[in-house]
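Here is a friendly walk through one strand with its partners, and then through the nonpolar cores. Have the viewer open as you read.

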Amino acid sequence: MTTHEAILDAALARITAGYVYPEKTAAIEAAIRGRLAEGAYEGLAEQELCEQVTRDLQAVCPDKHLRLLWSEEPQSMDEEPESVARERFAQYARANNYGVRRVEQLDGNIGYLDLRMIAPAELGGPAFAAAMQLLAPTEALIIDLRECAGGAPEGVQLWCSYLFANDEVHLNDIYERKTDSIRQYWTLGHLAAPRYLDRRVVVLTSDFTFSGGEELAYNLKALKRGTLVGETTRGGAHPTARIPVAPHVMVTVPTARSINPVTGTNWEGVGVEPDVKVPAEDALETALNLLR
């Protein structure tokens with residue numbers, strides 16, 4: 001069995017090598033090693049260790065993506081070939097219908113789109129197009145992100161593209177530490193279904209909405225293309241790598257950060273604040289009242 005100290009050595013090495021804010025890694029290491037030295041992790045099962053270390057990480061560096069995760073199923077410590085990882089994720093995305101849980105025409109000819117994840121565009125594109133084709137005749141649209149756990153920037157880019165007239169809208173930038181480069185995301189020129197233009201869009205959020213779901217909400221709010229209704233989201237704006245450090249433990253290391261071209265910042269640590277604050281369970285009814 002891997003010792004707690006060995007797990008933390010491996011995790012801290014990965015954080016130091018890859019964290020998007022390298023200037024913060026010395027403080028992170030000092031805090032975790034200090035807690036280890038004072039016996040804070042003695043006697044903890046691995047799952048409890050992950051939970052406590054995560055609390056300690058976020059106390060010194062409040063980044064919602066910076067965590068230790070415990071897995072009941074053991075994982076290989078060998079580096080997984082990229083092709084294997086891609087295929088495993090593709091199977092997961094297919095099993096979850098690329099995040100599209102529900103598409104419906106509500107009373108009053110209001111469209112309803114329930115997204116539980118934001119699949120990569122190359123995987124989810126046909127499902128996205130099918131949803132937008134069905135929603136095309138509606139007179140207003142509700143995008144429900146209350147149970148959206150995250151996803152891919154390219155998927156957010158594609159969903160946003162359906163809500164703008166052309167390829168001239170700058171949506172988001174992502175800075176990557178490894179390459180010291182910035183990638184820009186703009187709306188796309190060619191789409192496989194009609195664009196949804198000149199009609200109101202309301203986005204539902206909750207305190208569960210995370211990461212890619214937050215980016216979709218943040219983009220639409222910053223560009224004044226959607227009205228947000230619900231709760232402030234969880235606050236995770238950093239693309240993240242998951243790296244095994246023990247058979248049952250992974251460290252998640254944010255390796256990049258979003259920079260919105262309108263606000264110059266992102267939603268990390270603060271979440272996306274709705275325009276209309278209501279409990280998540282009341283958001284749909286509130287949105288319908290706004291639209292009707």
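Alanine 241 has valine 253 of β10 as its bridge partner. This and everything below refers to a predicted model. Alanine 241 lies in strand β9, residues 240–246, and a hairpin through two residues joins β9 to β10. Strand β10 also pairs with β1, where leucine 68 has valine 251 as its bridge partner in β10. The two pairings look like this:

| Strand paired with β10 | Residues | Sense | Bridges |
|---|---|---|---|
| β9 | 240–246 | antiparallel | six |
| β1 | 67–70 | antiparallel | four |

How much of β10 is buried? Six of the six residues in this strand, 249–254, are buried. On one side these are Val249, Val251 and Val253, and on the other Met250, Thr252 and Pro254, so to speak a strand covered on both faces.

Now to the nonpolar cores. The largest one has 40 residues, and Leu113, Leu115, Ile143, Trp159 and Leu216 touch the most other members. Elements giving two or more residues to this core are the strands β3 (110–115), β4 (140–144) and β7 (200–205), along with the helices α5 (121–135), α6 (153–161) and α7 (212–222). Helix α5 supplies the largest share, six residues.

Leucine 115 is worth selecting in your viewer. Beyond its neighbours within four places in sequence, leucine 115 is in contact with residues including Ile143, Trp159 and Leu216, as well as Gly99, Val100 and Cys148. A second, separate core holds 25 residues, among them Ile15, Tyr21, Tyr41 and Val245.

Terms used
Residues are numbered from 1 along each chain as its sequence is written. This is a predicted model: local features need pLDDT of at least 70, side-chain atom pairs count only at pLDDT 80 or more; totals for chains, interfaces and linings use all residues. Side-chain values use heavy atoms; hydrogens and water are left out. Buried means under 20% relative accessible area, exposed over 50%, partly exposed in between (1.4 Å probe, protein chains only). Two strands pair if DSSP finds at least two bridges between them. A nonpolar core is a set of buried Ala, Val, Leu, Ile, Met, Phe, Trp, Tyr and Cys residues joined through side-chain atoms within 4.5 Å. Contact means heavy atoms within 4.5 Å.
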